[in-house]
Structure formats: C-alpha cells, structure tokens
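Biologist: Hello! I am new to this structure and would like to learn how to read its features. Could you walk me through them?

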Amino acid sequence: MFKLISKMYFIFGALAVLALSQATVDSAFAQFKKSEKFFVYKDKPSPSHFAASGFMPDGRCVAINDTWLDNCGGSRSCIQAKFNRDCTATSTGWAGIYWLEPANNWGEFKGGFNLTGAKKLVFSARGEKGGEVVTFKMGGVGMGHPYPDSDTASTEPIVLTKDWKEYSIDLTGKDLSHIIGGFAWVGTAKENQSNITFYLRNIYYI
C-alpha cells in the first residue's frame, strides 16, 4: 500500500510539473502574441532581444556602434554599421554580423526564442552616401549543431538611399519555433566597389 501511494504521488507530481511547464510555455507565447513589437533593437537604453555578437566570418572586416546618435530618424539612438570592402576583397569577399540569443551562440547550446505567430521582421535602414548594397536576413544559424534555427528568411540585396526607409522580411509559412539568429546583415565585395557605412533602427518582429 505504501508503495502504491508513493507511486501515485510521483505520478501526480510529474503531471503537476508538466502542467506548470506547459503553462510557462503558454504564458511566454501569449506574452509574445500580446506584445505589439518584439524588438531586436529599438534604441539605447531600451530593452531588446538578441545580441550583436556573431561577427562573420572572423570580425576583421565589420564594425558596429549601437549607440550612434546622429540622424537616427527620431530614435534616441541607432546602429552605425561598417563593411570594409578592402578587407574582404582578397579573402572571403563578404562579411557581416548576426544578432544571436544568447550572445555568441551558433547552435552549440540551448537558447533562442519561440517567435511563432510573427508575420514579418521589420527594420529601417539608410546609407551614409546612398548606393550601399546590403542583404538582410534572419534564422539559418546552427546547421549541423545540436540546437539549430528552425527556419530562415532573407531579403534580396538592397540598394540603400541616404534617407531612412522601412523594409520587411515576410515570415509567412516559416517555422519560428526556435530562433537564435534574430537578425543579420551581409555585405559583399562584388556588390560594393568601396567600403560602406550604413545605419539601422527599429528592428522588430510583429
């Protein structure tokens, strides 16, 4: 009888833990659904998700300043990004930066967010001079590692202007259940004939 009662307590306890875990997941999901915008970057010191830590391929040919204050389109701050074309021209020919969750996670360990329900990834960008060519994307991180992104999406190469413009990546039909690579940009030596500087603001899922 004692063993039977103990077994029943164990089963009920396990069910309670499972229910609590599911409630936590549902609560987190509901919080995302109710949130108007799920920010990768808003402005400093506003809270955001993901960290600009994935320097590709080795960090030598890119740079960012995420507390830039000049001409930020009404935001308190924005991101200044630099692609050193000269640096890449004789090596990879490309470079970029990923916003990862947690920082420096390329799929080797658990992390990321369940962004199920998001319809698009929205961001605003402008070039320093105009004519800068940049490709933007999300997901696609961790292939071949234990905890990869569940999906990926990308823009075509975008030719930026000197004025702020809003862009978006359509996420319709995408599996967003596990996203560690929240946002990324890539510049190439082929598409840019010189070093470029450009700016980003208001990066969010909705």
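Modeller: We will look at aromatic pairs, then charges over rings, strands and some backbone details. Please keep in mind that this is a predicted model.

Biologist: How do I read a pair of aromatic rings?

Modeller: Such a pair is described by the distance of the ring centres and the angle of the planes. In this structure the count comes to twelve aromatic pairs. Take Phe136 and Phe183: their centres are 6.0 Å apart and their planes are at 25°, so the pair is stacked, since planes under 30 degrees apart count as stacked.

Biologist: Where in the chain do Phe136 and Phe183 sit?

Modeller: Phe136 belongs to strand β7 (residues 133-139) and Phe183 to strand β11 (residues 181-188). The two are 47 residues apart, and the pair links distant parts of the chain. Both Phe136 and Phe183 are buried.

Biologist: What does the pair of Trp185 and Phe198 look like?

Modeller: That one is edge-to-face, with 5.0 Å from centre to centre and 90° between the planes. Trp185 is in strand β11, while Phe198 is in strand β12 (residues 196-205), 13 residues apart. Trp185 and Phe198 are buried too. You can also look beyond pairs: one aromatic cluster is formed by Trp99, Phe123, Phe136, Tyr167, Phe183, Trp185 and Phe198.

Biologist: Which charged residues lie over the face of Tyr204 and of Trp164?

Modeller: Here the thing to look at is the distance to the ring centre. Lys37 lies over the face of Tyr204, at 4.5 Å from the ring centre. Over the face of Trp164 you will find Arg201, at 5.5 Å from the ring centre.

Biologist: Is strand β6 mostly covered or uncovered, and which strands pair with β6?

Modeller: Strand β6 (residues 120-127) is mostly covered, with seven of its eight residues buried. β6 pairs with strand β10 (residues 165-170) in the antiparallel sense over six bridges; there, Lys120 has Asp170 as its bridge partner. β6 also runs antiparallel to β12, joined by six bridges, and Ala125 has its bridge partner in Leu200 of β12.

Biologist: Which peptide bonds are cis?

Modeller: For this, read the omega angle. Lys44 and Pro45 are joined by a cis peptide bond with omega of about 5°, and Pro45 is in the loop between β1 (38-41) and β2 (51-56). The bond from Met56 to Pro57 is also cis, with omega near -10°; Pro57 lies in the loop between β2 and β3 (62-68).

Biologist: What is the phi of Asn71?

Modeller: Asn71 has a positive phi of about 55°, although it is not a glycine. Asn71 is found in the loop between β3 and β4 (78-83).

Methods. Residues numbered from 1 in each chain as written. Predicted model: local features only at pLDDT ≥ 70, side-chain atom pairs only at ≥ 80, totals over all residues. Heavy atoms only, no water. Phe/Tyr/Trp six-rings, centres within 6.5 Å; stacked < 30°, edge-to-face > 60°. Helix = DSSP H or I, 4+ residues; strand = E, 2+ residues; numbered from the N terminus. Buried < 20%, exposed > 50% of the residue type's maximum accessible area, 1.4 Å probe, protein only. Lys NZ or Arg CZ within 6 Å of the ring centre and 35° of its normal. Pairing = 2+ DSSP bridges.
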